[in-house]
Amino acid sequence: YAKENNLPAVCIFEDDVIFCDDLKQRLDYIFANPMPWDMFYLGGYYDDTASNINIGDKHIFKVTQMAGTHAYILKASTYDFIIRNITYNYGIDQFYSDILIKKYTALAFLPFVAAARPTVSDLTGGKTDYEAHYKQFKKEAIL
């Protein structure tokens, strides 16, 4: 739909996503501060020992590794690349981490603005308990 209608960007959310109370303030912050990005994670799971790089703003990081694709924004060039190149050899998280964020600039707002609800997901064929991530999100969501 986005490609057919030449949309400049799309927001993608899983059906169980929740947002922080100050979502509008944080999105306004992202768009009011010009910075180069092709993909913007609004939530996810990352190892804070990974080499995510602060880009000069204490809240915005360049993503070098991320899991969790429950809330993010893609610019047109990025979603077009995904449409042309995604294969079923990859899960979407693996495709993004192994291919997409090596080719395009992916940023994240930390603390995150979105989290998966505290539920169990079987999207990948396995079971993941998101309760610990939800508690961390609730803690981080306070500015």
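**Close-up views of a predicted model**

**Figure 1. Two cysteines in their settings.** Let us start with Cys11, which is partly exposed because its relative accessible area is 48%, a value that lies between the limits of 20% and 50%. Cys20, by contrast, counts as buried, because its relative accessibility is 6%. This is a predicted model, and the number of disulfides in it is zero.

**Figure 2. Asn6, ahead of the strand β1.** Have a look at the segment before β1 (9–13), where Asn6 is found. Its phi is near 55°, which is a positive value in a residue other than glycine. Is Asn6 buried or exposed? With a relative accessibility of 66%, Asn6 counts as exposed, since the cut-off for that class is over 50%.

**Figure 3. The two sides of helix α1.** Helix α1 spans residues 23–32, and its buried residues include Leu23, Arg26 and Ile30. Why do they fall on the same side of α1? They do so because the arc they cover around the axis is only 70°. The general rule is a handy reminder here: an α-helix has 3.6 residues a turn, so residues three or four places apart point the same way. Turn to the other side of α1 and you will meet Lys24, Gln25, Phe31 and Ala32, which are exposed.

**Figure 4. Helix α3 and its packing partners.** Helix α3 is made of 12 residues, 92–103. From its first C-alpha to its last it reaches 15 Å, close to the 16 Å expected at 1.5 Å a residue. Which residues of α3 are buried? They are Phe95, Tyr96, Ser97, Leu100 and Ile101. These buried residues pack against two strands on the earlier part of the list, β3 (39–41) and β6 (71–75), and also against α2 (76–85) and β7 (106–109).

**Figure 5. The largest nonpolar core, with a second one apart from it.** The largest nonpolar core holds 21 residues, and those touching the most other members are Met39, Tyr41, Val63, Leu74, Tyr96 and Leu100. Two or more residues each come from β3, β6, α2, α3 and β7. It is α3 that gives the most, with four residues. For a closer view, pick Leu100: leaving aside neighbours within four places in sequence, Leu100 is in contact with Met39, Thr78, Phe81, Ile82 and Phe95. Apart from this core lies another, of 15 residues, with Cys20, Ile30, Trp37 and Val113 among them.

How values were computed:
Residues numbered from 1 in each chain as written. Predicted model: local features only at pLDDT ≥ 70, side-chain atom pairs only at ≥ 80, totals over all residues. Heavy atoms only, no water. Expected span 1.5 Å × (residues − 1). Buried < 20%, exposed > 50% of the residue type's maximum accessible area, 1.4 Å probe, protein only. Contact = heavy atoms within 4.5 Å. Disulfide = S-S within 2.5 Å. Arc of directions from axis to C-beta. Core = buried A, V, L, I, M, F, W, Y, C linked by side-chain atoms within 4.5 Å.
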